[in-house]
Amino acid sequence: MRSRIILALACAIASAVLGAAAAFETRATKLQAIKTLGIVSAIGEEMSLTQAGLTGLGNTAQSLSISAWGLDELIVQQATKLLSGRFRVQPVSYRRAAFAAVRDSAVAPVNLLRSDPFKELVRSDVTPQGLDAYLVITRARSKLGNGRNVEGVGLAEYRTLLADYGLIHALYEVRIIDGKAFDVIEKRAAAPLDNTGTVRIAGPSGPVDETLGGSASSERLRAAVADLITRSLPVTLGDMHLINSQ
């Protein structure tokens with residue numbers, strides 16, 4: 001009986017390993033076949049303002065428009081520069097608001113069961129059609145402090161009995177979607193950069209300097225967020241094997 005259990009476990013492990021190897025081979029083959037590529041970015045139209053910790057309980061997150069910052073244009077420009085050495089990147093048109101409106105369900109299993117909504121948006125809202133693949137960059141979500149969710153571009157304040165901490169974040173995820181079958185070839189969230197701050201978050205973020213406070217700091221905030229994006233995007237694309245690792 002024991003030998004049968006061990007044999008069953010060994011078969012299950014072998015099957016899992018072979019399945020993962022096959023998936024990696026399929027993904028690598030699909031990436032290798034991509035010649036023409038379009039880039040969609042929809043993370044930078046608004047900035048969230050979040051409080052968490054002891055004084056954050058019961059406070060609702062606020063947001064303000066930062067469309068004038070041109071973050072999505074910056075992302076497309078940088079991604080184009082990084083990827084042009086390998087792919088023939090072509091300009092595409094799309095309804096940015098439609099991509100930005102997609103939100104994960106608060107019930108995690110629902111996200112696992114439902115089809116990726118960005119596949120249909122690429123099919124219906126991006127022109128021209130017929131490219132080999134589309135790179136889609138959208139907001140990602142993480143937890144801060146007491147479990148409050150933060151998303152996309154934001155400024156967060158976390159308070160404890162002893163001190164206050166602040167950080168800016170630019171949370172995003174990148175998908176490669178097949179331009180013919182509209183399958184998701186690869187998906188990856190941008191990882192933390194230095195991740196040495198007191199309050200940590202699962203994505204590009206950094207501590208807020210006191211000089212960033214006040215309405216006159218908009219340009220410095222924009223520069224700080226842009227810095228998170230420009231430093232993390234090459235790393236993320238490298239992790240996805242789309243460019244040489246930085």
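A residue is called buried when its relative accessible area is under 20%. By that criterion, 39% of the 246 residues in the chain of this predicted model are buried. The chain contains 6 helices and 12 strands, and this briefing passes from the whole chain to strand 1 and its pairing.

**Whole chain**

- The exposed surface of the chain amounts to about 13,300 Å², and carbon and sulfur atoms account for 56% of that area.
- Of the contacts between residues at least 6 apart in sequence, 69% link residues at least 24 apart.

**Burial along strand 1**

- Strand 1 spans residues 36-42 and is mostly covered, with 7 of its 7 residues buried.
- Thr36, Gly38, Val40 and Ala42 point one way from the strand, while Leu37, Ile39 and Ser41 point the other way.
- The residues pointing in either direction are all buried.
- Side chains in a regular strand alternate between the two faces of the sheet.

**Pairing of strand 1**

- Strand 4, residues 88-90, runs parallel to strand 1 and is joined to it by 3 bridges.
- Within this pairing, Arg88 of strand 4 stands opposite Thr36.
- Strand 5, residues 133-139, is also parallel to strand 1, and 6 bridges join the two.
- Leu135 in strand 5 is the bridge partner of Ile39.
- Thr36 and Ile39, the strand 1 residues named in these pairings, belong to the sets that point in opposite ways from the strand, and both are buried.

Terms used: Residues are numbered from 1 along each chain as its sequence is written. This is a predicted model: local features need pLDDT of at least 70, side-chain atom pairs count only at pLDDT 80 or more; totals for chains, interfaces and linings use all residues. Side-chain values use heavy atoms; hydrogens and water are left out. Helices (H or I, at least four residues) and strands (E, at least two) are DSSP runs, numbered from the N terminus. Buried means under 20% relative accessible area, exposed over 50%, partly exposed in between (1.4 Å probe, protein chains only). Contact means heavy atoms within 4.5 Å. Accessible areas come from the Shrake-Rupley method with a 1.4 Å probe; for residues, only the protein chains shown count as cover. Two strands pair if DSSP finds at least two bridges between them.
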